[in-house]
Amino acid sequence: MDLFDYMRETKKEKESPLASRMRPTTLDEVVGQQHIIGKDKLLYRAIKADKLGSIIFYGPPGTGKTTLAKVIANTTSAQFQQINATVAGKKDMEEVVKSAQDMLGMYQKKTILFIDEIHRFNKGQQDYLLPFVEDGTITLIGATTENPYFEVNGALLSRSSVFELYPLSKEDIRQLLTRAVCDKEKGMGSFQAEITKEALDFLADVAGGDARSALNAIELGILTTERGSDGIIHITLDVASECIQKRVVRYDKSGDNHYDTISAFIKSMRGSDPDAAVYYLAKMLYAGEDVKFIARRIMICAAEDVGNADPMALTVAVSAAQAVERIGMPESQIILSQAVLYVASAPKSNSAVNAIFAATESVKNVKTTIPVHLQDSHYKGSGKLGHGIGYEYAHDYPNHFSKQQYLPEEIKDARFYEPGVLGYEKHIGEWLQKLREQ
């Protein structure tokens, strides 16, 4: 490094964001994630012993994935290299592999390659790394906000240990913010700032477990707030609320959290919890989810989980789906809310889905023949084949019901539809029982 490089690095370090400056350099400085880096945990022992295998860090933004990679860089004797999958190409990987091969061949020194946003690599790029990870040329550390079981090649996953990082607790965020305000070397201590308990609690809450978001907010607050008459910068609740004006919802329409949210949404409607259902609806709408996608899920739930216990549920859901296509946002949120609350509050029955699944299994496993009296007789010569002979027209009988056999002989005693005992379906069950006893 020449003088100019040194000056650039020094300036960059001083002017880098607070979240970057506050990044821990040792395991003991890391806040949170004790479920994987507690002193009795495998990852802690592996890092301390410098015996790390390939790993994937998976978790939401601001939970310490890059931090842990940097800590490993500071504790390992191996060569440490880093690339970001959003900008790196095959040439960058080839250079890393060549360097790793040279280090291993000449100095018997291993190379750890940290790939941030590894889910951004396509299948071909991930496949390129596989043989070098397998033969030990490279020890891979991947970081991703997406579920690696969806986004990372199975072959690469099988050679790596996956560690999930959780959103930091409020207490973890409070600790980081307090450290940031007081630390004169890495933090904002030289600015002579103080933060009230109310502001600290507020930032810890609205950060949603994202350390970077909380640190960015406190940095903005200290840099933009005038000093009081006592010469101190006071970070009050009002100042804190201005620094984080809107909580960022962790929701990626192409990621696994999208599926987690829609899963919770459907299960809340199915579980007859309208409050939870409308909450997840609000979360999806707040994050910009497609209203047509939401409407489709409501229609499915209305048929699958309410069914004939309240036949109006599907009518409401379909009407809502048509309405949101014609009206659009923001008014569509009201229509979707009505449909969600109706479906969530309706009596439940899964008889419809059970019936079609059971009937499908029968179709797959039993070969049948349609009863002759039910076969089509609307063509010349059908009578010679006996088709339609003996058929009883239901409307000619009491209650418009004839107790003739409709199922094929091979499954004549099968029962696919078992009406539930809630809502309107209770009446359906009683009516069918009355007909069968006729």
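The following exchange covers a sheet and its helices in a predicted model.

Biologist: What is the order of the five strands in the open sheet?

Modeller: The pairing in this open sheet is parallel. Strand S2 (79-84) and strand S5 (161-164) each pair on one side only, which makes them the edge strands. Neighbouring strands are turned by 15 degrees against each other on average, direction ignored. The order of the five strands is S2-S3-S4-S1-S5.

Biologist: Is S4 largely enclosed or not, and why?

Modeller: In general, side chains of a regular strand alternate between the two faces of the sheet. In S4, Ile 138, Leu 140, Gly 142 and Thr 144 point one way, Thr 139, Ile 141 and Ala 143 point the other way, and all are buried. Buried here means under 20% relative accessible area. Because seven of the seven residues of S4 are buried, the strand is largely enclosed by the rest of the structure.

Biologist: How many bridges join strand S3 (residues 111-116) to strand S4 (residues 138-144)?

Modeller: S3 and S4 run parallel. Thr 111 has Ile 138 as its bridge partner in S4, and Asp 116 stands opposite Ala 143 in S4. The number of bridges joining S3 to S4 is six.

Biologist: Which residue in S4 does Tyr 58 stand opposite?

Modeller: S1 and S4 run parallel and are joined by four bridges. The residue in S4 opposite Tyr 58 is Thr 144.

Biologist: What is the handedness of the β-α-β unit made by S3, helix H7 (residues 123-134) and S4?

Modeller: The two strands of this unit, S3 and S4, run parallel. Helix H7 belongs to the unit together with them, and the unit is right-handed.

Biologist: At about what angle to S2 does helix H6 (residues 90-107) run?

Modeller: Two helices lying across strands of the sheet can be described here. Helix H5 (residues 65-75) lies across strand S1 (55-58), S2, S3 and S4, running at about 145 degrees to S1. Helix H6 lies across S2, S3 and S4, and its angle to S2 is about 175 degrees.

Biologist: How many nonpolar, polar and charged residues are in the contact of H10 with H12?

Modeller: The axes of helix H10 (residues 170-182) and helix H12 (residues 211-224) come within 10 Å and cross at roughly 35 degrees, and the crossing is right-handed. From H10, Ile 173, Leu 176, Leu 177, Ala 180 and Val 181 meet Ala 211, Ala 214, Leu 215, Ile 218 and Ile 222 of H12. The contact residues of H10 and H12 divide into 10 nonpolar, no polar and no charged.

How values were computed:
Residues are numbered from 1 along each chain as its sequence is written. This is a predicted model: local features need pLDDT of at least 70, side-chain atom pairs count only at pLDDT 80 or more; totals for chains, interfaces and linings use all residues. Side-chain values use heavy atoms; hydrogens and water are left out. Axes are lines fitted to C-alpha atoms, for helices over the stretch in contact, and angles run from 0 to 180 degrees between N-to-C directions. A crossing is left-handed if the near helix is turned anticlockwise from the far one by less than a right angle, and right-handed if clockwise. Contact means heavy atoms within 4.5 Å. Ala, Val, Leu, Ile, Met, Phe, Trp, Tyr, Cys and Pro count as nonpolar, Asp, Glu, Lys and Arg as charged, and the others, Gly among them, as polar. Two strands pair if DSSP finds at least two bridges between them. Buried means under 20% relative accessible area, exposed over 50%, partly exposed in between (1.4 Å probe, protein chains only). A crossover is right-handed if, with the strands pointing away from the viewer, the path from the first strand over the helix to the second runs clockwise.
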